[in-house]
Amino acid sequence: MKLKQLEGLLGGLTQFSDPKVDLEQYATGPHIASRMLYTAENSFDDISGKVVADFGCGCGTLAIASALLDAEHVTGIDIDLQSLELAQENATDLELDIDLIQCDIKNLNLKGLVVDTVVMNPPFGTKRKGADMEFLSMGLKVASQAVYSLHKTSTREYIKKAALRNCNATSAEVLCELRYALPRTYKFHNKREIDAAVDLWRFVPGARDEGAS
């Protein structure tokens, strides 16, 4: 599938109608999502034929992009039931088969499912400090091959140090810097659109102990 085709399909997905500020629910736009997954597949072969998990999947954009790029199995995980219902509607509209799990990422237990690649657009941690690192830490515990994640460019040095020192990553690489055009989502936004600089990261997890779950 070509990049423009992927972006076009993602652009047709239904997005949040009433986003929850405490969960930092911002839709992952089709421009960023398509490039994120297209890079993962075409530069690193991390999607097609692989088992992929989308952490904090929201309305399912990254999970659906993974399925469109021929992932073998896709699981979307989110704490918010309304988001999962929306993700299911979006997947059904495109006749895609995606598993969805309602769960707080801190308590995630995939019960033996071996995940190759984790993709995510985690909370930036502006409303609940450390939320971004909770997602990254769990992603590096779950993924056997790679974790792709979006983080504010302003946190680049912190993210790299934390991933390598505290989250068992053997590699932490910024693949590119993207402009995240956030529409005015919440009442406290005083601009029509917020333009944020974000990094697309690829993390490689370290080897796990044989006894690790």
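In which strand is the place of A53? In this predicted model, A53 lies in strand β1, which spans residues 51-55. The residue is buried, its relative accessible area being 1%, which is under the 20% taken as the limit for burial. Although A53 and V118 stand 65 residues apart along the chain, their C-alpha atoms are separated by 4.8 Å. When neighbours within four places in sequence are left aside, the contacts of A53 are with T75, I77, V115, T117, V118 and V119. Of these partners, T75 and I77 fall within the range of strand β2 (73-78), and V115, T117, V118 and V119 fall within that of strand β4 (115-120).

Helix α3, formed by residues 61-68, is mostly covered, with eight of its eight residues buried. These buried residues are T61, L62, A63, I64, A65, S66, A67 and L68, and they pack against elements of both kinds, namely the helices α1 (3-11), α2 and α4 (81-93) and the strands β1, β2 and β4. Strand β1, which holds A53, is thus one of the elements against which the buried residues of α3 are packed. Just after the helix, D70 adopts a positive phi of about 70°.

The packing of α3 against helix α2 (residues 30-44) was examined further, and the two helices were found to meet at an angle of about 45°, with their axes 10 Å apart. Because an angle of this kind is neither under 35 degrees nor in the range of 65 to 115, α2 and α3 are described as oblique to each other. The crossing in which α2 passes α3 is right-handed. On the side of α2 the contact is made by A33, M36 and L37, and on the side of α3 by T61, L62, A65 and S66. By class, five nonpolar and two polar residues take part in this contact, with no charged residues. In an α-helix there are 3.6 residues a turn, so residues three or four places apart point the same way. Such a spacing is seen in α2 between A33 and M36 and between A33 and L37, and in α3 between T61 and A65 and between L62 and S66.

With regard to the cysteines, a search of the whole structure returned zero disulfides. C57 accordingly takes part in no disulfide, the nearest cysteine sulfur, that of C59, being 8.4 Å away, whereas a disulfide would need the sulfur atoms to be within 2.5 Å. C57 is buried, with a relative accessible area of 7%, and C167 is likewise buried, at 9%.

Terms used. Residues are numbered from 1 along each chain as its sequence is written. This is a predicted model: local features need pLDDT of at least 70, side-chain atom pairs count only at pLDDT 80 or more; totals for chains, interfaces and linings use all residues. Side-chain values use heavy atoms; hydrogens and water are left out. Helices (H or I, at least four residues) and strands (E, at least two) are DSSP runs, numbered from the N terminus. Buried means under 20% relative accessible area, exposed over 50%, partly exposed in between (1.4 Å probe, protein chains only). Contact means heavy atoms within 4.5 Å. Axes are lines fitted to C-alpha atoms, for helices over the stretch in contact, and angles run from 0 to 180 degrees between N-to-C directions. Angles under 35 degrees count as roughly parallel, over 145 as roughly antiparallel, 65 to 115 as roughly perpendicular and the rest as oblique. A crossing is left-handed if the near helix is turned anticlockwise from the far one by less than a right angle, and right-handed if clockwise. Ala, Val, Leu, Ile, Met, Phe, Trp, Tyr, Cys and Pro count as nonpolar, Asp, Glu, Lys and Arg as charged, and the others, Gly among them, as polar.
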